[in-house]
Each structure stands twice: as structure tokens, then as C-alpha cells.
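Open the model in your viewer and keep the selection tool at hand. The tour goes from the whole chain down to single residues.

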Amino acid sequence: MTIAADKPAESHAFEADVARLLHMMVHSVYSDRDVFLRELISNAADACEKLRYEAIETPSLLGSAPDARITITLDEENGQLRVEDNGIGMSHDEMIEALGTIARSGTRAFMERVEANKAGEGSQLIGQFGVGFYSCFMVSDRVDVVSRRAGANEAWLWSSDGKGSFEVKGVDPADAPARGTRITLHLMDDARTYTSRWTVEKIVKEQSGHVPVAIGMIDKPGGEPKQITDGTAIWTKAKSEISKDDYTDFYRGLSGQYDEPAITVHYRAEGRHEYTTLAYVPGSQPLDVFDADRKGRMKLYAKRVFITDEAEVLPRYLRFVRGLVDTADLPLNVSREMIQDSPIFAAIRKGVANRVISAIEKFSEDDAEGFKTFWVNFGAILKEGIYEDFERRSQLLAISRFRTTASGEEHRSLTDYVKEAKESQNAIYYLAGGSHDQLKASPHLEGFRARGIEVLLLEDSIDSFWVMNAPDFEGKTFKSVTQGSADLSQFAKVDGMDQAEIEAPADTKAFIEFAKEKLTDHVADVRLSDRLTESAVCLVATEGGYDLQMEKILQGAGRLQTAAKPILEINPLHPMIRAIAGIVDDSDFRDDAVALLLDEARILDGSKPLDPRAFAERLARVFERAARS
């Protein structure tokens with residue numbers, strides 16, 4: 001007996017998020033509970049890969065059994081299923097940390113999605129947030145985990161019924177694996193089919209057939225294992241030997257998702273640097289792509305030895321891509337810290353990014369319908385690259401799609417926009433900020449619509465940033481319709497009437513001068529507008545600064561203390577403006593009217609009136625005057 005085995009058992013409460021998750025696992029019924037086996041095998045394979053990595057520095061960890069293996073044992077008589085690996089194993093503290101807490105961010109989002117039970121999504125989401133182990137409580141009323149860390153003498157037992165707490169105690173090393181982890185599931189009565197060889201073998205081959213660790217099966221305790229997968233890494237095979245189902249099977253095990261990949265990129269680079277890449281663009285949006293840390297999910301191998309999943313194999317704007325890179329050029333003992341500074345890794349990183357972007361580009365050309373779904377899922381993320389990646393900016397702009405004033409609910413490319421631009425149009429016009437419906441209703445679009453000029457409607461927050469970094473596309477600069485002079489008089493209206501031909505009445509010009517004097521503390525200028533055809537007023541930003549939406553973003557983030565004064569544009573042909581301008585004998589009314597027009601413009605821009613109480617009082621006085629008339 002070791003000292004650990006003599007110690008009394010310790011009882012621990014699950015972390016709050018784990019307890020909540022376990023409650024869902026125990027009480028929820030998914031359309032496909034088979035997912036638990038895939039998750040346990042995936043965890044076991046990861047443990048074997050981690051051992052291979054640590055054994056580079058400490059070969060003695062492998063002992064007399066250097067070959068990695070996973071063994072599944074069926075026990076029909078006792079209603080048990082065991083999954084055992086000879087990987088890295090866990091110490092006492094690692095066991096408590098790994099099985100009692102959830103470290104990865106996004107857990108709350110995961111649980112909210114599962115609780116919502118959206119069309120049986122549960123089984124598709126389980127593996128995405130590092131919570132795969134807990135899926136075994138869907139089929140078990142108790143789970144025992146015995147583990148011994150490679151190189152250690154002590155072994156430990158973790159046990160729980162999934163109802164709020166777990167117990168940890170030392171065990172006799174004779175009852176534990178020589179190294180690694182053995183998980184025993186005490187199956188529920190309605191889950192005893194998982195002791196059937198036919199059932200389990202079918203699940204393993206379908207869902208985990210390409211795990212890079214050999215999997216054996218024992219029909220009953222004491223029997224001899226029969227190998228059911230050979231552990232050959234799929235990425236080492238020729239593409240001609242791999243079926244679409246094989247690729248999908250590996251993708252699901254690798255990504256923790258249960259959908260079909262939209263794009264598969266598999267190639268071997270030869271020449272100055274040799275490496276193999278197998279990467280997937282998911283068919284649906286992973287829940288963690290909007291995590292604040294923006295980490296990718298690509299794994300890095302060296303000669304089939306797992307190195308890390310924390311190296312930035314791809315730029316952060318491609319973090320939705322799942323997959324791996326296996327290179328012969330990096331030494332097996334390279335530290336994770338040195339990887340990012342390695343010129344070899346930098347070259348690999350560049351090559352992989354180029355191939356992934358080229359694959360997305362080809363996908364956009366070959367499968368228009370499929371690319372629509374891709375863009376809805378990942379367009380907002382991919383556009384981060386337009387802002388961040390100068391080298392590939394033109395390529396990313398060409399891939400990008402946008403809804404516009406001419407596209408309805410569909411998305412269009414910038415190439416299509418440029419082809420249909422007006423003959424003398426030198427800019428690609430855009431309106432950023434707000435929802436699609438809010439953008440469509442903006443008064444800033446009226447003059448552009450009247451002249452048949454297409455405007456990009458940019459709904460994502462990143463849009464306000466990349467348009468500042470993208471100087472042009474095919475010779476046309478990007479210009480906000482909320483900034484500077486619109487210069488629309490050069491374009492004829494589609495109905496043949498040119499607003500520039502209609503002279504503003506003298507009293508309207510006088511009223512504009514009056515408004516400019518009264519509003520000097522709040523606006524940079526008051527001027528006639530050629531961008532308004534239906535609304536009375538709007539606000540625009542000055543030519544040299546930020547557009548209105550960018551100012552809002554920077555102020556909201558605390559990066560801009562004071563916004564520049566906007567310009568108030570007035571439509572001289574609007575009936576209300578003509579009526580107000582004609583009243584010259586009531587100075588109090590004119591004062592109220594000018595202030596109300598500014599507040600109206602602010603409201604149309606999505607802002608509040610300058611002084612809500614004063615706004616209400618002015619509005620009341622105008623109503624009273626109208627009622628007396």
C-alpha cells in the first residue's frame with residue numbers, strides 16, 4: 001500500500017457551472033447519446049499525444065510500453081463500459097482541476113444553447129467547450145475514474161454520481177493502470193446497449209475511426225483485446241485513399257462539432273519547408289468564435305508528435321478554421337514559447353493562411369449557395385482581416401459580400417458593385433452602423449436612391465474600422481454617406497428632375513443663416529443638402545474626421561472624449577422647411593423650430609435630443625401654436 005491509498009477519501013463540491021451542466025446532462029435526452037463515446041475516446045487520444053510530447057524530454061515516461069493505445073472493455077453482466085488509455089494520466093491535483101471545473105471560456109453560452117434545446121442541438125455542441133467528459137452522465141448513474149500520472153507511483157480514484165459532488169481517494173497501484181486513465185461507466189438501465197460489441201464497434205468506427213491512436217476492444221473482462229482501428233493518422237494518407245465520410249468523421253472528432261464541413265483543405269507542402277495541413281471550415285458557426293481572446297483551434301504536430309494547440313497557426317480572423325499542421329521542420333523538443341518566434345513557423349503560418357484563403361475564394365466561385373451560408377456564419381469574422389492583414393487585404397475584399405441598397409436581402413461582391421457603378425462615380429459609398437432595417441431607413445440614403453447610386457449597408461462593428469484601412473478597391477475609394485459633401489449634383493436623378501436646378505427661396509436661405517447663428521455651439525455648419533429628398537434634416541460629419549458611426553464607437557469605448565461638431569443639412573424643398581422659413585414675425589417660434597430641427601436630426605441618427613426636457617417643452621409650445629392657428 002502507498003501513502004496515498006491509506007489517506008481518507010476527500011469530498012469536493014463541483015464548481016457551480018459544472019453542477020449546472022451535469023444537471024442538464026443527467027436530465028436531458030438527446031437524439032444521439034452516442035456522442036459520449038466519441039468524447040471519451042477523443043480525450044484519451046489527447047492524453048496519449050500529451051505523453052508523446054513530454055516523453056521527448058523524458059523518455060523514461062514511456063517505460064516498457066512506448067506504443068500508445070486505447071482499450072474499450074464491455075461488461076454486459078454488470079452493465080459497465082470502460083475506456084482506458086496509457087497516456088499521460090493525472091495526479092491528485094490535476095484530477096480535481098480537470099474533472100471538477102470547466103476552464104475554457106464560453107461555458108455559459110454553451111449551457112444557454114443546450115438549455116434552449118434548439119432542434120436537438122445538444123449532441124452537436126457537447127464537444128465545443130471542453131466539457132465532453134461530462135457527456136458520459138447522459139448514459140451513466142455513476143462514473144469512476146482511476147488515473148496514474150506517467151512516472152508517478154501514486155494512483156487516484158475520482159468517483160461521482162453527477163449530483164453535485166465528487167470523491168477523490170488514493171488507490172492501490174496494483175488496481176490502477178501502469179500509467180494513464182481508466183474510466184468506468186456504470187450504465188443506466190436504458191443505456192445497457194452500450195455493452196453490445198456490435199453497437200460500440202459501429203460507433204467507434206463511424207465517429208472515431210481516424211483518431212491517431214490504435215483502439216482495441218475487449219468483449220468481456222479478462223478477454224483479449226481485438227484491434228478495431230489502426231491509429232493511422234488520416235493526414236498522412238494520400239487524398240485518393242480518403243473518402244468524404246472519412247474526412248467528415250475526422251473533422252467531427254477533431255472539432256467537437258457534429259455538422260458537415262463546408263470546406264476541406266488537405267495538402268502536403270514540399271520544398272524549402274515540408275509540412276502537411278488538414279484544415280476544415282465548419283458548416284455551422286462554432287460558439288467560441290466570438291470569444292474575446294480570439295484564439296484559433298488549430299493543432300501543431302512535429303513528425304506526428306502533438307506539440308501544442310496554442311500556437312497561432314492561422315491569423316485570428318481565421319479562428320473559425322479547425323484542423324492541424326504536421327511538420328518535419330520543427331525539432332520535437334521545441335518549446336511552445338519559441339514556436340511563435342521561429343522563422344520556420346512563420347513560413348508555415350504564411351503558407352497555410354494563403355491556402356485556406358485560396359480555398360475560400362475557390363468555394364465562392366464554385367458554390368454560390370454554399371458560400372451564402374459561409375458568409376452568414378463567418379463574414380463578420382473574416383472582415384477583421386481586411387483591417388488587420390495588409391498583405392491579403394485585396395484578396396479578402398474580393399471575397400467579401402455585402403448587403404446594399406440594390407441587393408435586397410441578398411449579398412453582393414464589390415466586383416459586382418464596381419461593374420454597375422455610375423460612369424463618373426469615383427467612390428464606393430457606404431453607410432455603417434445599426435441593424436439592416438435601421439440602415440435602410442436612414443435619410444442619408446435618399447439622394448443616392450434618387451440617383452440610382454448603390455450604397456453598401458455595413459451592419460457589423462468591424463466595418464467602421466476596415467473601411468478606414470482599405471484605401472480603394474479597383475481604383476475606387478470608400479466614402480461614407482454620413483461624412484463630408486455628397487457631391488450628388490453631378491449625377492442625374494432617375495426621374496429626370498435635378499434638384500440643383502431648383503433655386504431655394506430667399507426666405508429659406510435666410511432661415512439657414514439664422515439657424516447657423518443659433519446653433520453655432522452645437523454644429524460646425526448649417527447648409528443646404530443635396531442628399532435629402534424626403535426628410536427635412538440630417539447630420540453629417542465633417543470631411544476630415546471620423547464618420548458618425550466611428551465617432552459613436554470610439555466614444556462608447558472611451559477612446560474619444562469629445563466628438564467633432566457635426567454639420568446640419570437642411571432640405572430646402574421639404575414642405576415643413578418652407579413653412580417654417582416663411583414665418584418671420586415670431587422669433588420665439590423660430591428659436592424653437594431651429595432647436596427642434598437639430599434634435600430631429602439627432603433622433604434620426606440614433607442619438608438622443610441634446611436636452612430631453614427642453615425638447616419636450618419646445619414641442620409642447622409648437623403644438624400649442626399649431627392648435628391656435
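Begin with the whole chain, which is a predicted model. Residues 24 or more positions apart account for 72% of the contacts in the chain that have a separation of 6 or more. Colour by secondary structure, and 22 helices and 22 strands appear. The radius of gyration is 32 Å, well over the 25 Å that the globule rule gives for 629 residues, so the chain is more spread out than a compact globule. Turn the C-alpha trace along its principal axes: the spans are about 105 × 55 × 40 Å.

Now show the surface. The accessible surface comes to about 28,800 Å², and carbon and sulfur atoms hold 48% of it. Of the 629 residues, 53% count as buried.

**Stop 1: the domains**

Colour residues 18-229 as domain 1, 234-378 as domain 2 and 400-627 as domain 3, following the domain assignment. Between the C-alpha centres of domain 2 and domain 3 the distance is 44 Å. Four residues from domain 2 and four residues from domain 3 make up the contact.

**Stop 2: the nonpolar cores**

Select Leu318, Phe320, Phe374 and Phe478. These are the residues with the most contacts inside the largest nonpolar core, which has 70 residues. Which helix gives the most to this core? Select residues 343-366: this is helix 10, and its contribution is nine residues. Domain 2 and domain 3 both give residues to the core, so the core lies between them.

Stay with Leu318 and show its surroundings. Leaving aside neighbours within four places in sequence, Leu318 is in contact with Val356, Ile357, Ile360 and Leu382. Apart from this core lies another one, of 48 residues; Ala45, Cys48, Leu99 and Met188 are among them.

**Stop 3: an open sheet**

Next, select strands 15 to 19. These five strands form an open sheet with mixed pairing, in the order 16-15-18-17-19. Strand 16 (412-413) and strand 19 (477-480) are the edge strands, each pairing on one side only. Strands of a sheet pair through backbone hydrogen bonds, either parallel or antiparallel.

In which sense do strand 15 (residues 401-404) and strand 18 (residues 455-458) pair? They are antiparallel, with two bridges. Label Thr404 and look across to strand 18, where Leu456 stands opposite.

Move on to strand 17 (residues 427-432). Six of its six residues are buried, so the strand is largely enclosed by the rest of the structure. Show the side chains: Ala427, Tyr429 and Leu431 point one way, while Ile428, Tyr430 and Ala432 point the other way.

Strand 17 has partners to check in turn. Its pairing with strand 18 is parallel and has four bridges; there, Leu431 faces Leu457. Strand 17 and strand 19 also run parallel, joined by four bridges. Here Tyr430 has Ser480 as its bridge partner.

**Stop 4: Phe589**

Finally, select residues 587-604, which are helix 21, and find Phe589 in it. Is Phe589 buried or exposed? Its relative accessible area is 12%, under the 20% limit, so Phe589 is buried. Not counting residues up to four places away in sequence, Phe589 touches Ile580, Ile583, Val622 and Arg625.

To end, draw a distance from Phe589 to Arg349. The two are 240 residues apart along the chain, and their C-alpha atoms are separated by 67 Å.

Notes
Residues numbered from 1 in each chain as written. Predicted model: local features only at pLDDT ≥ 70, side-chain atom pairs only at ≥ 80, totals over all residues. Heavy atoms only, no water. Pairing = 2+ DSSP bridges. Core = buried A, V, L, I, M, F, W, Y, C linked by side-chain atoms within 4.5 Å. Buried < 20%, exposed > 50% of the residue type's maximum accessible area, 1.4 Å probe, protein only. Domains from an automatic or database assignment. Contact = heavy atoms within 4.5 Å. Rg over C-alpha atoms; globule rule 2.2 N^0.38 Å. Areas by Shrake-Rupley, 256 points an atom, 1.4 Å probe, with all protein chains shown as cover.
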